[in-house]
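Me: I'd like to learn how to read side-chain contacts and helix packing in a model. Could you walk me through an example?

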Amino acid sequence: MASVNRPLSPHLGIWRWRVHMLVSILHRATGDGLAIGGTLLFLWWLVAAATGPEAYETFLSIASGWFGITILVAMTWAVYQHMMSGIRHLAMDTGWGYDLATSKLTATLTILASLTLTAITWAIILYL
């Protein structure tokens, strides 16, 4: 069967990346990451607490080390990013913010707000 030259639209090759596309993808990724990562972290904590003091001490030493802090900061950012994106989508569900300029602005603000809130949260945790 001969191949027909048909356009591939819509195809990723013809779209330019925009901030509102990134926020949409991040909303899905942070939701999945929080569900999976949060469940695994909770289960590890629960099993360590139920197993005994040595296992719990191992959990605490990893969770309070550089790797654990990195994971916790990433999860904090994911919570804030997902929350800010969710608020944006809630506003868009009312019919507001569909014009291109507003969509780009609110998408940019979700990223800035999530980074700012993460920095504030971890400044409070680490320095107070």
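Reply: Gladly! This is a predicted model. Let's start with a pair of side chains: those of Thr121 and Tyr80 are joined by a polar contact of 2.8 Å.

Me: Which residues is Thr121 in contact with, leaving aside neighbours within four places in sequence?

Reply: Those partners are Thr76 and Tyr80. Thr121 itself belongs to helix α4, residues 100-127.

Me: Is Thr121 buried or exposed?

Reply: Buried means under 20% relative accessible area. Thr121 has 19%, so it counts as buried.

Me: How do I describe two packed helices?

Reply: In general, you give the angle between their axes and the distance between the axes. Here, helix α3 (residues 66-93) packs with α4 at about 145 degrees, the axes being 8 Å apart. Residues making this contact include Thr76 and Tyr80 of α3, and Thr121 and Trp122 of α4. Sorted by class, the contact has 13 nonpolar, 9 polar and 1 charged residues.

Me: In which hand does α3 pass α4?

Reply: The crossing is right-handed.

Me: Let's try Lys104 too. What does Lys104 touch, not counting residues up to four places away in sequence?

Reply: Lys104, also found in helix α4, touches Arg18, Val19 and His20. For a view along the chain, take Met21: 83 residues separate Lys104 and Met21 in sequence, while their C-alpha atoms are 9.2 Å apart.

Me: And what is the relative accessible area of Lys104?

Reply: The value is 31%, so Lys104 is partly exposed, a class that lies between the 20% and 50% cut-offs.

How values were computed
Residues numbered from 1 in each chain as written. Predicted model: local features only at pLDDT ≥ 70, side-chain atom pairs only at ≥ 80, totals over all residues. Heavy atoms only, no water. Helix = DSSP H or I, 4+ residues; strand = E, 2+ residues; numbered from the N terminus. Buried < 20%, exposed > 50% of the residue type's maximum accessible area, 1.4 Å probe, protein only. Polar contact = N/O pair within 3.5 Å; in protein donor to acceptor, adjacent residues only side chain to side chain. Contact = heavy atoms within 4.5 Å. Axes fitted to C-alpha atoms, helices over the stretch in contact; angles between N-to-C directions. Left-handed = near helix turned anticlockwise from the far one by under 90°. Nonpolar A, V, L, I, M, F, W, Y, C, P; charged D, E, K, R; others polar.
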